[in-house]
Amino acid sequence: LIEALRSLPLTLCDTISYSIPVIWRKELARLLPEIFSEIVQPSIATSADEARLWESLNQLLSTLAKTQPILLFIDDLHWGDIDSAMLLGEFLCADIAPALLLIVSYRSEEAHTNSLINVLYAMRRPTSAMIDVRHIDLKELNYEESCELASLLLNEQQVYSLSLTETIAIESGGNPLFIHQLVQHLKIDRS
């Protein structure tokens, strides 16, 4: 999240930074000194300031959401830690949460044993009309779909045999990422 905020265009940063009260800009300067340190000096961090830091990020995202839609995508959520869960929970459960579309991906086999995912599920407010939670289970491709994807990827520049397409489909186990990687490996080997 911090890296994504650091990549915001400077003109947008200037616009939104003046819309955020000074108290929150001081907190944000701790995380994003390249954006906020010229406006105000960063506050000195103490362990009691964590809630203010989370609130300052909430203020920033809320202000940003007024200027443009926000999509926050987190891949491999199962690799996250408890601090990340607490931060996401603050955004999702805040009294005035920023308007954003949050998309996360994680391995379904890790969903019940991963502490980050469990914390986020526990923080969810199912009665809130403002939070629309949807689960989309992505399964592996079947054999025919795997062959079709491998064939499409292989036929971009050269013609490959049907047996090669079938081998990729079988070896990949129906995982589209593995199909893509196997095809890339073949293209590198043949060039």
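This passage describes the predicted model of a single chain, from its overall fold to its surface patches and selected residues.

The model is a prediction in which local features require pLDDT of at least 70 and side-chain atom pairs count only at pLDDT 80 or more, while totals for chains, interfaces and linings use all residues. Residues are numbered from 1 along each chain as its sequence is written, and side-chain values use heavy atoms, with hydrogens and water left out.

The chain contains ten helices and two strands, where helices (H or I, at least four residues) and strands (E, at least two) are DSSP runs numbered from the N terminus. Along the sequence, these elements follow the order α-α-α-α-α-β-α-β-α-α-α-α. Mean pLDDT, the predictor's confidence in each residue on a scale from 0 to 100, is 77 for the chain, and 80% of the residues reach 70 or more. Among the elements, the lowest mean pLDDT (70) belongs to helix α2 (residues 10-17) and the highest (92) to helix α8 (residues 143-154). Of the 191 residues, 32% count as buried; buried denotes under 20% relative accessible area, exposed over 50%, and partly exposed the range in between (1.4 Å probe, protein chains only).

Two surface patches were identified, one of negative charge and one nonpolar. Patches consist of residues with over 30% relative accessible area and no salt bridge, with like charges joined within 9 Å and nonpolar side chains (Val, Leu, Ile, Met, Phe, Trp, Tyr) within 5 Å. A salt bridge is a side-chain nitrogen of Lys or Arg within 4 Å of a carboxyl oxygen of Asp or Glu. Accessible areas were obtained by the Shrake-Rupley method with a 1.4 Å probe, and for residues only the protein chains shown count as cover.

The nonpolar patch comprises Leu71, Phe73, Leu101 and Ile103, which together have about 390 Å² of accessible area. Strands β1 (71-74) and β2 (101-104) each supply at least two residues of this patch. Leucine 71, located in strand β1, is exposed, with a relative accessible area of 54%.

The patch of negative charge is formed by Glu50, Asp81, Asp83 and Glu90. Glutamate 90 belongs to helix α6 (residues 82-93) and is partly exposed, its relative accessible area being 36%. In the loop between β1 and α6 lies aspartate 76, a residue other than glycine with a positive phi, near 55°. Aspartate 76 is likewise partly exposed, at 34% relative accessible area.

Several residue pairs separated in sequence were also examined. Serine 56, in helix α5 (residues 50-67), is buried, with a relative accessible area of 0%. The C-alpha atom of serine 56 lies 9.7 Å from that of alanine 29, although the two residues are 27 residues apart in sequence. Alanine 122, by contrast, is exposed, with a relative accessible area of 67%, and is part of helix α7 (residues 115-123). A C-alpha separation of 9.2 Å was computed between alanine 122 and glycine 89, which are 33 residues apart along the chain. In helix α8, leucine 149 is partly exposed, with a relative accessible area of 24%. Leucine 149 and isoleucine 168 are 19 residues apart along the chain, and their C-alpha atoms are separated by 9.7 Å.

Conventions: Lys, Arg positive; Asp, Glu negative; His and termini not counted. Charge placed at Lys NZ, Arg CZ, Asp CG, Glu CD.
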